[in-house]
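Here is a guided look at one protein model, written to be read with the structure open beside it. Please keep the viewer at hand as we go.

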Amino acid sequence: MANIKLKEFLYGGDYNPDQWPEEILNEDIRLMKYFNVNAATFPVFSWAKLQPEEDRFDFEWLDKIINLLYENGIYTVLATPTAAQPAWLSKKYPEILPVDEYGRQRKHGARQNYCPNSPVMKEAVRRVAEEMAKHYKDHPSILLWHISNEYGPYCYCEKCEKAFREWLKDKYKTIENLNEKWYTSFWGRTFYDFDEIVVPSFLNEHVTLLGTVTCMQALSLDYNRFMSDSLLNLFKIEKESIRKYMPDTPITTNLMRDYKPLNYYKWAKEMDVVSWDCYPTIKDHPSSIAFQHDIMRGLKDGQPFLLMEQSPNQVNWQTYNSLKRPGVMRLYSYQAVAHGADSVMFFQWRQARGSAEKFHSAMVPHVMHENTRSGRELKQLGEELKKLNKIIDSKIDAKVAILFDWENWWALEYSLGPNNSIRYSQHVEYFYKSFFKKNIQVDIINPRSDLSKYSLIVAPLLYMMNEDISKKIEQYVASGGYLITTYLSGLVDENDLIVLGGYPGWLRKILGIWVEEIDSLYPDMKNSIIVNNPSLDFNGEFECSTICDVINLEGANVLATYGKDFYKNTPAVTENTFGNGKAVYIGTKPSEEFLDKLFDYYLNSLNIKPILYVPDGVEVTKRQYENVYFIFVINHNDYEIKINLDKEYYNMLSEQKISGEICLAAKDVLILTI
């Protein structure tokens with residue numbers, strides 16, 4: 001990974017030595033060496049200890065720990081502690097405290113509990129980041145800067161409102177232009193001055209209807225954009241302060257899966273490396289975890305990412321905090337690596353004695369020693385990772401991409417209608433799962449990314465587009481690409497205004513169809529897709545639900561029709577030849593069975609094959625570095641499976657050559673190279 005001095009997998013986790021007596025440090029060192037830990041992240045939540053008073057910083061305690069770790073071969077991921085401001089700061093400057101969506105100003109406590117547009121807060125985070133960078137600029141143990149922690153909630157205070165108006169002036173220039181773009185003539189909402197605009201919240205525009213929707217979509221969309229930018233600006237303030245003293249040390253912050261409030265594509269541009277915190281539940285399908293990893297890898301165009309946090313065992317904040325069964329921690333760790341991670345890090349090193357996360361597992365549990373089931377697994381993993389250093393910096397070469405867009409997510413779920421139960425991320429993951437089951441590697445990318453390297457692009461529910469994205473997609477298909485898109489795509493522009501002239505708006509030309517009506521189905525209502533088409537390699541009747549588009553043809557061919565209702569026998573799935581490529585439209589949410597068969601048909605047409613043919617429940621991925629590749633075979637099943645290898649490989653974990661029929665135990669992993 002560029003600029004990170006340690007050319008091996010980072011292995012360790014969040015370290016909170018200030019929560020423990022000083023005499024425990026030597027035992028921590030012993031245990032870190034035992035587990036093969038080579039990196040520790042700290043002091044994530046130690047602002048009050050680092051800066052006990054406004055004009056006094058105390059680095060003596062931190063120096064001692066950093067030096068001791070370094071003397072024992074353990075590097076530091078140096079974290080700024082700005083996720084939780086000290087009480088004295090909130091008391092002296094109460095204006096830094098945020099206002100929630102109901103108009104209530106919060107009191108001091110918890111974390112990420114501040115207004116990102118407070119000048120006092122901006123100066124406070126700048127100062128602590130600069131003091132830390134100035135103090136540690138020459139220390140050889142600093143591998144990476146970790147700014148703040150899990151940036152989060154929005155603020156709705158008067159400072160944000162004032163800053164929002166300035167943001168709008170910069171974007172729209174004139175109030176007349178804003179009125180036109182926002183369609184303010186609806187409900188007589190015309191503004192005559194930017195100062196008339198108030199932030200959207202539950203005091204005005206927002207209502208709860210199977211989730212938060214808004215009466216003025218363009219206003220709420222822009223506030224999301226503004227607030228994501230405002231929080232990002234705090235990150236940038238710290239980053240720029242650090243850069244003055246340490247221009248070459250990489251900088252990151254830990255993201256949280258597909259976290260809706262923040263446009264992570266914009267955040268990733270400001271990060272030297274993407275890092276994120278992975279906390280699946282025991283009920284999550286392996287495809288759901290893989291989906292999140294692939295989102296993170298896609299944020300910086302396929303660059304490797306860092307797994308900054310996961311739990312060694314159970315967490316404490318889910319409704320049901322189940323144990324990780326034997327082998328699962330190791331399995332999940334390798335699944336992250338298989339999808340592009342160059343680290344395996346945990347929250348946290350030593351299990352807290354009290355407060356909110358005392359029952360969150362750690363590498364060193366409350367029993368205070370290593371002789372546990374979890375400890376044995378951590379020891380094994382630490383030893384194995386040392387064998388895998390050649391994998392670092394390798395990438396995934398996918399031929400299939402799925403388009404995923406934060407602003408589209410906001411727009412679709414803010415909209416009133418056609419179906420207010422739809423959750424964008426869940427629907428995208430539904431389409432992703434079909435490729436996961438087939439062991440077809442997928443990049444999850446921004447619609448503004450380079451599309452040309454992919455043979456097949458799937459764009460589920462691409463509701464909001466603009467002219468640039470429309471032209472990119474048209475050029476991609478015309479040049480020979482295959483596009484599969486779905487219901488609720490191409491309908492509105494970036495301000496949530498309908499593209500007039502007939503659905504699917506931006507996509508009507510390349511799809512060769514016109515959607516006349518959109519039928520929204522209740523959860524207990526189903527329709528069916530009838531396939532009786534000699535051009536396909538499958539036929540039959542398949543269930544569908546949620547949305548049924550009433551489709552008219554404008555040059556496209558019918559692949560499947562509806563089975564009932566007044567639109568029985570009309571097109572449900574179509575294909576249109578456009579230039580040298582094809583554009584496919586799925587007008588309803590199909591069953592998994594149908595989706596699997598349809599994707600098989602197009603994957604076969606494009607000669608896109610799985611890396612290995614393996615039994616169900618076994619995941620296979622491939623990372624490549626120049627002409628060297630690494631194949632991961634991950635058995636998610638609760639039973640042993642057998643696979644037939646197509647050639648002789650070198651098993652990097654057992655350090656042996658293997659070929660032919662191989663048995664792989666439940667929850668076990670193979671990592672193969674040649």
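The report below covers sheets, helices, salt bridges and a few individual residues of this predicted model.

**Sheets**

Let us begin with the strands. Six of them form an open sheet in the order β7-β4-β3-β2-β1-β11, and the pairing is parallel. At the edges stand β7 (251-252) and β11, each with a single partner strand, so one side of each has no neighbour in the sheet. Inside this sheet, β3 (residues 75-79) and β4 (residues 142-146) pair in the parallel sense over four bridges. If you want a landmark there, A79 has H146 in β4 as its bridge partner.

A further open sheet has three strands in the order β8-β9-β10, with parallel pairing. Its edge strands, β8 (254-255) and β10 (306-309), each pair on one side only. Two bridges join β8 to β9 (residues 275-277), and L255 stands opposite W276 in β9.

Antiparallel pairing can be found further along the chain. Strand β17 (residues 527-531) pairs with β19 (residues 557-562) in the antiparallel sense over two bridges, with I530 opposite T561. Strand β19 is also joined to β20 (residues 571-578) by four bridges, again antiparallel; here A560 has V573 as its bridge partner.

**Helices**

Now for two helices. Helix α8 (residues 217-243) has 27 residues and reaches 38 Å from its first C-alpha to its last, close to the 39 Å expected. Because 23 of those 27 residues are buried, α8 is largely enclosed by the rest of the structure.

Helix α12 (residues 373-385) has 13 residues and spans 19 Å between its first and last C-alpha, close to the expected 18 Å. Its buried residues include S374, G375, L378, L381 and L385. What covers the buried residues of α12? The cover includes β1 (10-14), α1 (25-35), α11 (328-338) and β11 (343-346).

**Salt bridges**

The count of salt bridges comes to 47. Three of interest are listed here.

| Salt bridge | N to O distance |
|---|---|
| D668 and R330 | 2.9 Å |
| R623 and D342 | 2.8 Å |
| K387 and E655 | 4.0 Å |

The pair of R623 and D342 links distant parts of the chain, 281 residues apart: R623 is in strand β23 (residues 618-625), and D342 in the loop between α11 and β11. R623 is buried, with a relative accessible area of 0%, and D342 is buried too, at 3%.

For K387 and E655 the separation is 268 residues, with K387 in the loop between α12 and β12 (400-403) and E655 in the loop between β26 (649-651) and β27 (656-658). K387 is partly exposed at 33% relative accessibility, and E655 is partly exposed at 47%.

As for D668 and R330, is each residue buried or partly exposed? D668 is partly exposed, with a relative accessible area of 25%, whereas R330 is buried at 8%.

**Two more places to visit**

H636 lies in the loop between β24 (628-635) and β25 (641-644). This residue is buried, with a relative accessible area of 10%, and its contacts include P286, L331, Q335, F436 and K667.

On the surface, Y183, F186 and W187 make a nonpolar patch of about 400 Å². Y183 belongs to the loop between α7 (175-182) and β5 (206-208) and is partly exposed, with a relative accessible area of 49%.

Note on methods:
Residues numbered from 1 in each chain as written. Predicted model: local features only at pLDDT ≥ 70, side-chain atom pairs only at ≥ 80, totals over all residues. Heavy atoms only, no water. Buried < 20%, exposed > 50% of the residue type's maximum accessible area, 1.4 Å probe, protein only. Contact = heavy atoms within 4.5 Å. Expected span 1.5 Å × (residues − 1). Patch = residues over 30% accessible without salt bridge, like charges linked within 9 Å, V, L, I, M, F, W, Y side chains within 5 Å. Areas by Shrake-Rupley, 256 points an atom, 1.4 Å probe, with all protein chains shown as cover. Salt bridge = Lys/Arg side-chain N within 4 Å of Asp/Glu carboxyl O. Pairing = 2+ DSSP bridges. Lists of a residue's contacts leave out its neighbours within four places in sequence.
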